[in-house]
Amino acid sequence: MIETININWPSGAIDPVIHCPACGSLVLSPLEEEGPGCHHIQFIIDSESGEFNYITEPFDEILKEFRKPEVEGFDEWDATEVFLEEAESNTFYVMNLILPSNVSIEDDPVCLRIGFELFFSEDQEELYEELERRHDEEGLHDHSQN
């Protein structure tokens, strides 16, 4: 089962600003044609349409085994549900942002689901290299004893 966090967004609140939990990059609007500006994001889907707003090719390949084209009404949202229940991964993480309906109180809320692949070792190496570079620039490292 994939790690998932649910965030219930309060009715009437301004739209949330979402950042990647691995690198801190701003997750752009799921309607951007270019997609989000973060390499950790594997997909963005909403429950209202049941279709992907954004999906990477590698995740599209992974999801093939969870799709059921022979089942009528089984959409991409359903395939991600099966993936979350059946897949095993130590580095995959899903955020469900539950947004209240703007139409009426009786309508179901819309869930914006964002899938992240967190690549811990690569990200940590990248982060440490950047910190090392900054420390060198600021003269915080004493290399005289190396």
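The legends below describe several close-up views of a predicted model.

**View 1. The protein chain as a whole, with its helices and strands.**
In this predicted model, the secondary structure of the protein chain comes to 3 helices and 5 strands. Followed along the sequence, these elements appear in the pattern β-β-β-α-α-β-β-α. Of the 146 residues in the protein chain, 29% are buried, and the accessible surface comes to about 9900 Å², with 49% of that surface belonging to carbon and sulfur atoms. Among the contacts with a separation of 6 or more, 54% are between residues 24 or more positions apart.

**View 2. The open sheet and the order of its strands.**
The 5 strands form an open sheet with mixed pairing, and their order in the sheet is β1-β4-β5-β2-β3. Strands β1 (3-8) and β3 (52-55) stand at the edges and have a single partner strand each, so one side of each is left without a neighbour in the sheet. From one strand to the next, the twist averages 15 degrees. In a regular strand the side chains alternate between the two faces of the sheet, a general point that may help when following the strands in this view.

**View 3. Strand β4 between its partners β1 and β5.**
Strand β4 (residues 92-99) pairs with β1 in the parallel sense over 6 bridges, and within this pairing Tyr93 of β4 is the bridge partner of Glu3. The pairing of β4 with strand β5 (residues 110-117) is antiparallel and has 8 bridges, and here Phe92 has Glu117 in β5 as its bridge partner. In β4, 6 of the 8 residues are buried, so this strand is largely enclosed by the rest of the structure. Strand β5 is likewise largely enclosed by the rest of the structure, because 7 of its 8 residues are buried.

**View 4. Strand β2 and the two pairings that meet at Ile45.**
Strand β2 (residues 41-46) and β3 run antiparallel and are joined by 3 bridges, while β2 and β5 pair in the antiparallel sense over 5 bridges. Ile45 can be followed into both pairings: Ile45 stands opposite Phe52 in β3, and the bridge partner of Ile45 in β5 is Arg113. Arg113 also takes part in a contact with a ring, as the charged end of Arg113 sits over the ring of Trp77, at 4.0 Å from the centre of that ring.

**View 5. Aromatic rings and the cluster they form.**
The model has 8 aromatic pairs. One of them joins Phe43 and Phe52, whose rings meet edge-to-face at 5.8 Å centre to centre, with 80 degrees between the planes. Both Phe43 and Phe52 are buried. Another aromatic pair, Phe66 with Phe83, is also edge-to-face, and its values are 5.4 Å centre to centre and 85 degrees between the planes. Because Phe66 lies in the loop between α1 (57-63) and α2 (76-86) while Phe83 lies in helix α2, this pair ties together parts that are 17 residues apart in sequence. Phe66 is buried, with a relative accessible area of 7%, and Phe83 is buried as well, with a relative accessible area of 5%. Ring pairs link Phe43, Phe52, Phe59, Phe66, Phe83 and Phe92 into a cluster.

**View 6. Val27 and the residues that surround it in contact.**
Val27 lies in the loop between β1 and β2. The relative accessibility of Val27 is 10%, and because buried means under 20% relative accessible area, Val27 counts as buried. Leaving aside residues up to four places away in sequence, Val27 touches Ile18, His19, Cys20, Ile41, Ile44, Ile114 and Phe116. For Val27 and Ile41, the separation is 14 residues in sequence and 8.3 Å in space, taken from C-alpha to C-alpha.

Definitions and conventions: Residues are numbered from 1 along each chain as its sequence is written. This is a predicted model: local features need pLDDT of at least 70, side-chain atom pairs count only at pLDDT 80 or more; totals for chains, interfaces and linings use all residues. Side-chain values use heavy atoms; hydrogens and water are left out. Rings of Phe, Tyr and Trp (its six-membered ring) pair if their centres lie within 6.5 Å; planes under 30 degrees apart count as stacked, over 60 as edge-to-face and the rest as tilted. Buried means under 20% relative accessible area, exposed over 50%, partly exposed in between (1.4 Å probe, protein chains only). Helices (H or I, at least four residues) and strands (E, at least two) are DSSP runs, numbered from the N terminus. A charge sits over a ring if NZ of Lys or CZ of Arg is within 6 Å of the ring centre and within 35 degrees of the ring normal. Two strands pair if DSSP finds at least two bridges between them. Axes are lines fitted to C-alpha atoms, for helices over the stretch in contact, and angles run from 0 to 180 degrees between N-to-C directions. Contact means heavy atoms within 4.5 Å. Accessible areas come from the Shrake-Rupley method with a 1.4 Å probe; for residues, only the protein chains shown count as cover.
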